[in-house]
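Colleague: I have a structure to go through and some questions about its fold. Please show it, and then we can work from the overall build down to single residues.

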Amino acid sequence: MDVTIYGIKNCDTMKKARSWLEEHDVAYEFHDYKALGIDRAHLEAWIDRAGLDKVLNRAGTTFRKLPEAEREGLSREKAIALMLEQPSMIKRPVLEAEGKLLIGFKPEIYAGTFGD
């Protein structure tokens, strides 16, 4: 099974997700979108499948530090531009596995996905 997990190396939730995958012998490729960036096509596909509110991390420090005017009335296009500019605004982790898309980390959902 091809598994790619997207996120930021030092994020605590990412560490938990990666540890879970390793403990359950799930091979994966890690894409650090803070170091490597993320392309518009990925963001658009994730938003199309999961919705903007699921992909955009409004609770994170990076988003909360934006001026209020930038946070108000956020369109899809404006949100994508912000996430491309500052990938820390993308919720973590984002996991793609054989056509499945998981956003965030919950051990029970990972277990259901990987048959554990």
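**Fold, core and loops**

Modeller: Buried residues, meaning those under 20% relative accessible area with a 1.4 Å probe and protein chains only, make up 41% of the 116 residues in the protein. This is a predicted model, where local features need pLDDT of at least 70, side-chain atom pairs count only at pLDDT 80 or more, and totals for chains, interfaces and linings use all residues. Residues are numbered from 1 along each chain as its sequence is written, and side-chain values use heavy atoms, with hydrogens and water left out.

Colleague: In what order do the elements run from the N terminus on?

Modeller: Helices (H or I, at least four residues) and strands (E, at least two) are DSSP runs, numbered from the N terminus. The protein has 7 helices and 4 strands. Their order is β-α-β-α-α-α-α-α-β-β-α.

Colleague: What is the radius of gyration of the protein?

Modeller: The radius is taken over C-alpha atoms, and the globule rule is 2.2 Å times the number of residues to the power 0.38. For 116 residues the rule gives 13 Å, and the protein comes close to that, so it is as compact as a globular protein of that length. The radius of gyration is 14 Å.

Colleague: Which residues touch the most other members of the largest nonpolar core?

Modeller: Such a core is a set of buried Ala, Val, Leu, Ile, Met, Phe, Trp, Tyr and Cys residues joined through side-chain atoms within 4.5 Å. The largest one has 37 residues. Among the elements that each supply at least two of them are strand 1 (3–7), helix 2 (40–50) and helix 7 (107–114). The residues asked for are Trp46, Met83, Ile90, Leu95, Tyr110 and Phe114.

Colleague: What share of the contacts with a separation of 6 or more comes from residues 24 or more positions apart?

Modeller: Contact means heavy atoms within 4.5 Å. Ile90 offers an example: not counting residues up to four places away in sequence, Ile90 touches Tyr33, Ile38, Leu43, Trp46, Val55, Asn57 and Met83. Over the protein, the share is 64%.

Colleague: Is Asn57 buried or exposed?

Modeller: Asn57 is found in the loop between helix 3 and helix 4 (61–64). Beyond four places in sequence, Asn57 touches Phe63, Ser88, Met89, Ile90, Lys91 and Arg92. With a relative accessible area of 14%, Asn57 is buried.

Colleague: Where does Pro93 lie?

Modeller: The peptide bond from Arg92 to Pro93 is cis. Its omega is near -15°. Pro93 lies in the loop between helix 6 and strand 3.

Colleague: What is the relative accessibility of Asp25?

Modeller: Asp25 lies in the loop between helix 1 and strand 2 (29–32). Asp25 is not a glycine, yet has a positive phi of about 55°. Asp25 counts as exposed (over 50%), at 71%.

Colleague: Where is the place of Glu98?

Modeller: Phi of Glu98 is near 45°, a positive value in a residue other than glycine. Glu98 counts as exposed, at 51% relative accessibility. Its place is in the loop between strand 3 and strand 4.

Colleague: Which residues is Lys100 in contact with, leaving aside its neighbours within four places in sequence?

Modeller: Lys100 lies in strand 4. At 43% relative accessibility, Lys100 counts as partly exposed (between the 20% and 50% limits). Its partners are Arg49, Leu95 and Thr113.
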